[in-house]
Amino acid sequence: MDERRISFAVKDLSVDFNGFKAVNGMNLSVYKGELRVLLGANGAGKTTLMDLISGRTKSTGGKVLLNDKEITNWEEHLISRAGIGRKFQIPNVFKELTVRQNFLIADCKETRVLPNIVRGSHRELPDHIARVVELTELYDFLGTEAATLSHGQTQWLEIGMLLVQNPDIILLDEPTAGMTAHETRKTAEIITRLKGRHTILVVEHDMAFVRSICETITVMHHGQNLAEGTVTEIENSAEVQAAYLGSAGIGHA
Ligand SMILES: Nc1ncnc2c1ncn2[C@@H]1O[C@H](COP(=O)(O)OP(=O)(O)OP(=O)(O)O)[C@@H](O)[C@H]1O
């Protein structure tokens with residue numbers, strides 16, 4: 001029996017969009033501190049699964065469990081407060097504010113202090129934010145307007161804004177999309193350093209990136225869990241290869 005503790009799970013999870021089941025009886029269990037990669041061809045249901053786990057979309061069947069507690073169809077902000085953080089494909093930072101102000105806003109639980117942050121205090125950053133600044137290597141850019149950051153830096157800022165809130169679980173949807181090879185390698189380093197401290201589910205197509213970060217892959221197909229295994233097992237699976245027929249092959253949408 002597997003002794004590891006499950007961080008979150010979905011059981012027979014489904015959503016029906018006017019008769020079309022984008023997620024159709026999905027089962028998945030991710031262990032505490034694990035980094036799990038979610039693969040699947042275009043339209044397999046990966047983003048919709050993240051929408052269901054994070055409460056952005058309401059399911060029409062099945063369950064979502066967080067530490068064995070059912071959180072199915074809770075409101076998005078309550079799921080976030082319960083410890084599930086989400087990063088979308090398109091970065092969502094405050095472009096007209098500096099990197100420092102973005103980090104402080106992410107850390108801020110009370111909206112009434114926002115004006116103080118926007119005016120830009122120069123007090124020292126709290127330790128937990130300083131650690132994230134170090135991890136994302138954005139120290140030299142703290143005073144820079146987010147609008148002028150490179151694509152990679154913007155993605156790291158958004159990952160950092162999530163980390164400042166210290167979620168137990170992090171859902172990342174294609175974090176390396178549009179990145180250069182150098183930026184992709186750096187993202188792999190950042191995510192690898194998060195392993196063990198957070199439970200991470202990451203949708204990713206870049207197989208070099210997947211190989212460098214991941215132990216177990218789950219493959220989704222037609223809204224279901226088609227296969228699970230190591231990178232080698234998944235790459236050699238006839239079932240997975242058949243599911244990718246007609247697409248550019250495993251690792252490509
Ligand atoms: N709100 C919605 N209403 C109707 N259909 C939807 C809705 N959201 C997603 N779909 C459909 O559900 C299917 C799964 O979409 P989803 O975005 O989850 O796939 P994906 O695996 O993330 O694909 P990709 O790799 O291209 O991002 C697609 O056919 C999509 O068109």
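In which strand does Arg36 lie? The first view answers this, and the others move on through a structure that is a predicted model.

**View 1. Arg36 sits in strand S3.**
Welcome to the first stop, Arg36 in S3. Is this residue buried, exposed or partly exposed? With 19 C-beta neighbours inside 10 Å, Arg36 counts as partly exposed, because 20 or more would be needed to call a residue buried. Leaving aside neighbours within four places in sequence, Arg36 is in contact with Val30, Leu201, Thr216 and Thr218. Look also for Met26, which is ten residues from Arg36 along the chain. The C-alpha atoms of Arg36 and Met26 are separated by 15 Å.

**View 2. Six strands form an open sheet.**
Follow the strands across the sheet in the order S6-S7-S8-S3-S9-S10, and you will find that the pairing is mixed. Strand S6 (84–87) and strand S10 (224–229) stand at the edges, and each has a single partner strand, so one side of each has no neighbour in the sheet. From one strand to the next, the twist averages 20 degrees.

**View 3. Strand S6 pairs with strand S7.**
Here we stay at one edge of the sheet, with S6. In which sense do S6 and S7 (residues 169–173) pair? They are parallel, and four bridges join them. Two positions help you find your way: Ile84 has Ile169 in S7 as its bridge partner, and Gly85 stands opposite Ile170. In a regular strand the side chains alternate between the two faces of the sheet. In S6, Ile84 and Arg86 point one way, while Gly85 and Lys87 point the other way. These four residues are all buried.

**View 4. Helix H1 lies across several strands of the sheet.**
The strands that H1 (46–54) lies across are S3 (35–39), S6, S7, S8 (199–203) and S9 (216–221). Relative to S7, the helix runs at about 150 degrees. Why is H1 described as largely enclosed by the rest of the structure? Eight of its nine residues are buried, so the rest of the structure surrounds most of H1. The buried ones are Lys46, Thr47, Thr48, Leu49, Met50, Asp51, Leu52 and Ile53. After H1 comes Gly55, with a positive phi near 85 degrees.

**View 5. Twelve residues surround the ligand.**
Which residues come nearest to the ligand? They are Phe17, Ala22, Lys46, Thr47 and Thr48. Strand S2 (20–31) and helix H1 are the elements that give two or more residues to this shell. H1 has the largest share, with three residues. Sorted by type, the shell holds five nonpolar residues, six polar ones and one charged one.

**View 6. The largest nonpolar core has 61 residues.**
In soluble globular proteins, nonpolar side chains tend to be buried together. In this core, the residues that touch the most other members are Ile53, Phe103, Leu157, Leu171 and Val202. Helix H6 (residues 151–164) gives the most to the core, seven residues. Take a moment with Leu171: not counting residues up to four places away in sequence, Leu171 touches Met50, Ile53, Ser54, Ile84, Arg86, Lys87 and Leu201.

**View 7. Val99 is buried in helix H3.**
Helix H3 covers residues 99–107. How many other C-beta atoms lie within 10 Å of Val99? There are 28, so Val99 counts as buried. Once residues up to four places away in sequence are set aside, Val99 touches Leu138, Phe141, Leu142, Thr144, Ala146 and Leu157. Arg81 is 18 residues from Val99 in sequence, and the two are 23 Å apart in space, C-alpha to C-alpha.

**View 8. Asn67 and Glu137 each have a positive phi.**
Neither residue in this last view is a glycine. Asn67 has a phi near 50 degrees and belongs to the loop between strand S4 (61–66) and strand S5 (69–70). Asn67 is partly exposed, with 15 other C-beta atoms within 10 Å. Glu137, with a phi of about 55 degrees, is found in the loop between helix H5 (127–135) and H6. Glu137 is also partly exposed, with 14 other C-beta atoms within 10 Å.

Methods: Residues numbered from 1 in each chain as written. Predicted model: local features only at pLDDT ≥ 70, side-chain atom pairs only at ≥ 80, totals over all residues. Near = placed C-beta within 6 Å. Nonpolar A, V, L, I, M, F, W, Y, C, P; charged D, E, K, R; others polar. Pairing = 2+ DSSP bridges. Axes fitted to C-alpha atoms, helices over the stretch in contact; angles between N-to-C directions. Contact = placed C-beta atoms within 7 Å. Core = buried A, V, L, I, M, F, W, Y, C linked by C-beta atoms within 7 Å. Buried ≥ 20, exposed ≤ 12 C-beta atoms within 10 Å, placed from the backbone.
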